[in-house]
There are 2 protein chains.
Amino acid sequence: MNEEDTGRRLPSRRVADGLRSAIAAGELAEGEKLPSERALADRFGIARNTVREAVRLLSEEGLVDVRHGRGVFVRRRRRLLRFGGARYSRTTRQETGLSPYRAELAEQGLTPRVECTSIERVAPPADVAERLGATTDAPSVVRRENWYFASDGTEEYPVQVGVTYIPWEVADGSVLATSADLGRESLYGRFEERGHRISRSREEVSARMPTPQEASGLRIPAGVPVLEVLHTGIDHNGLPFEVTRFTMRADLGGLDYDMPIED
Amino acid sequence: MNEEDTGRRLPSRRVADGLRSAIAAGELAEGEKLPSERALADRFGIARNTVREAVRLLSEEGLVDVRHGRGVFVRRRRRLLRFGGARYSRTTRQETGLSPYRAELAEQGLTPRVECTSIERVAPPADVAERLGATTDAPSVVRRENWYFASDGTEEYPVQVGVTYIPWEVADGSVLATSADLGRESLYGRFEERGHRISRSREEVSARMPTPQEASGLRIPAGVPVLEVLHTGIDHNGLPFEVTRFTMRADLGGLDYDMPIED
DNA sequence: CAGTGGTCTAGACCACTCA
DNA sequence: GAGTGGTCTAGACCACTGT
């Protein structure tokens, strides 16, 4: 790390710059521990709080992870998973025999796990109700919450949560309303059994910082936003039969749409 | 604001919680100025640095804007603009007579402005080259940089930047390579004149915190990520003829795709 | 100019991790 | 228990904004 550097910059920025370029140059490798805050303060002849300010800047830039009682570590960068708009195509499902989530992870040598953590009958939130043409004042939908994990052999980490809302008329009497275990295929086979074959998918995408709950649930590091996708499945009669809200760690996942453009 | 609150919480969190709920309850209205750091420190009997920590938390949550020399203000929330996948459809372009950007802003009563800030012949970045089937070691593309602004009557603010890369063979001899002023229609009319009518659009979406340059250029407030869309326009022969990288403030804009799903 | 946030200091004590 | 980050204090001075 270059400790001379410039003259005029503020001490906290000087330290941050030094550490940043050391990381960029690979002098501090991924996963490596930085010197302790006290050690850096000594070395630069500044107060510990000033070092903490520098570390905070790097942490917000997503360059380091600060771990209480252990130290500050250079953050490991992961390859981005790409989830496509072809997610719901029956051909895709049948060709690979895998759900798109499992297929994408397999391609990157990761082990997927999907867990359905709850199935409830509830009143839908306002934005979901609007898209389903339902009201918010009655328990008119089944809510299924799914957690998606990836494991690289060393550790397993959450990638996204998907919360699916299904009108009660669609789910009633089917495993959609009752069973957490739908096998390795996604929900879509079950919708077809109920007479709803998907013909259009609407996806509304936004990004924001996670809420504190999401940050801890998805174990989101500092300086990482979430992608939120509000997906609506529409059948051949133009009826919306399912809405899913995906909340995805933006450092692990992105989206990939390939769409025909009509004249 | 409720100053009693809980007992055990840390002082910085107590103050942050108090301010947060005052904002949520509307006791502190949008645009309103919070008490100064020194005033809050006095009122709560804590050090000014502790108040600053509380304000920093709120700022990172995107609830307040801190303005040097002026004060801390409750951030104004804006409605999200939605940019659709139908952006490139010729019908859409002709029906409205407006570019999709202008149409979406008009719908929300905002005044759009689009400015082309540079046209250069350059070597494409790696990801763009890959999608165009070009190489990165020759100035094989025209790079057009467009800034998109919105004005609500009070102030004008940047919404997104779009950087378009066009293979030299496509742009050569056309205004695509030379003119900043393409009129109110988007680029797509010009591509058609050159024999490239769009038939497919691929859009790769990701989210991340802005770089310091992006943060200042787009005037992005604290705690706001950017959406990055790498768009590839593909013609009826399956040839990519244009790649655009959109970088959008995630507190102002989102995406809205409506796609057919093939069996 | 007064008032605001921005940075820094030199300490103190607490909470967590690991040997 | 030694070492790490987490929080807090009570001051100081600087930089920016507005009157």
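Student: Which residues of helix 1 of chain A meet helix 3 of chain A?
Tutor: In this predicted model, helix 1 of chain A contributes A:Pro11, A:Ser12, A:Arg13, A:Val15, A:Ala16, A:Leu19 and A:Arg20. Facing them in helix 3 of chain A are A:Thr50, A:Glu53, A:Ala54, A:Leu57 and A:Leu58.

Student: How does that contact of helix 1 with helix 3 of chain A split by class?
Tutor: The contact has 7 nonpolar, 2 polar and 3 charged residues.

Student: And at what angle do helix 1 and helix 3 of chain A pack?
Tutor: About 50°, with the axes 8 Å apart; helix 1 covers residues 11–24 and helix 3 residues 48–60. That angle makes helix 1 of chain A oblique to helix 3 of chain A.

Student: Is the crossing of those two helices left-handed or right-handed?
Tutor: The crossing of helix 1 and helix 3 of chain A is right-handed.

Student: Switching to the DNA. How many residues surround strand D, and which are the closest?
Tutor: DNA strand D is surrounded by 25 residues, the closest being B:Pro11, B:Ser12, B:Arg13, B:Asn49 and B:Thr50. By class, this surface has 6 nonpolar, 10 polar and 9 charged residues.

Student: What does the side chain of B:Asn49 have 2.8 Å away?
Tutor: An N or O atom of the B:Asn49 side chain is at that distance from a base nitrogen of DNA strand D. From chain A, a polar side-chain atom of A:Arg38 lies 2.9 Å from a base nitrogen of the strand. For A:Arg52, a side-chain N or O atom is 2.8 Å from a phosphate oxygen of strand D.

Student: Of the strand D atoms within 4 Å of the protein, what share is sugar or phosphate?
Tutor: 64%, and the rest belong to bases.

How values were computed
Residues are numbered from 1 along each chain as its sequence is written. Chains are lettered from A and ligands numbered from 1 in the order in which they are written. This is a predicted model: local features need pLDDT of at least 70, side-chain atom pairs count only at pLDDT 80 or more; totals for chains, interfaces and linings use all residues. Side-chain values use heavy atoms; hydrogens and water are left out. Axes are lines fitted to C-alpha atoms, for helices over the stretch in contact, and angles run from 0 to 180 degrees between N-to-C directions. Helices (H or I, at least four residues) and strands (E, at least two) are DSSP runs, numbered from the N terminus. Angles under 35 degrees count as roughly parallel, over 145 as roughly antiparallel, 65 to 115 as roughly perpendicular and the rest as oblique. A crossing is left-handed if the near helix is turned anticlockwise from the far one by less than a right angle, and right-handed if clockwise. Contact means heavy atoms within 4.5 Å. Ala, Val, Leu, Ile, Met, Phe, Trp, Tyr, Cys and Pro count as nonpolar, Asp, Glu, Lys and Arg as charged, and the others, Gly among them, as polar. A residue is near a molecule or strand if one of its heavy atoms lies within 4 Å of it. A polar contact is a pair of N or O atoms within 3.5 Å; within protein, one must be able to donate a hydrogen and the other to accept it, and residues adjacent in sequence count only if both atoms are side-chain atoms.
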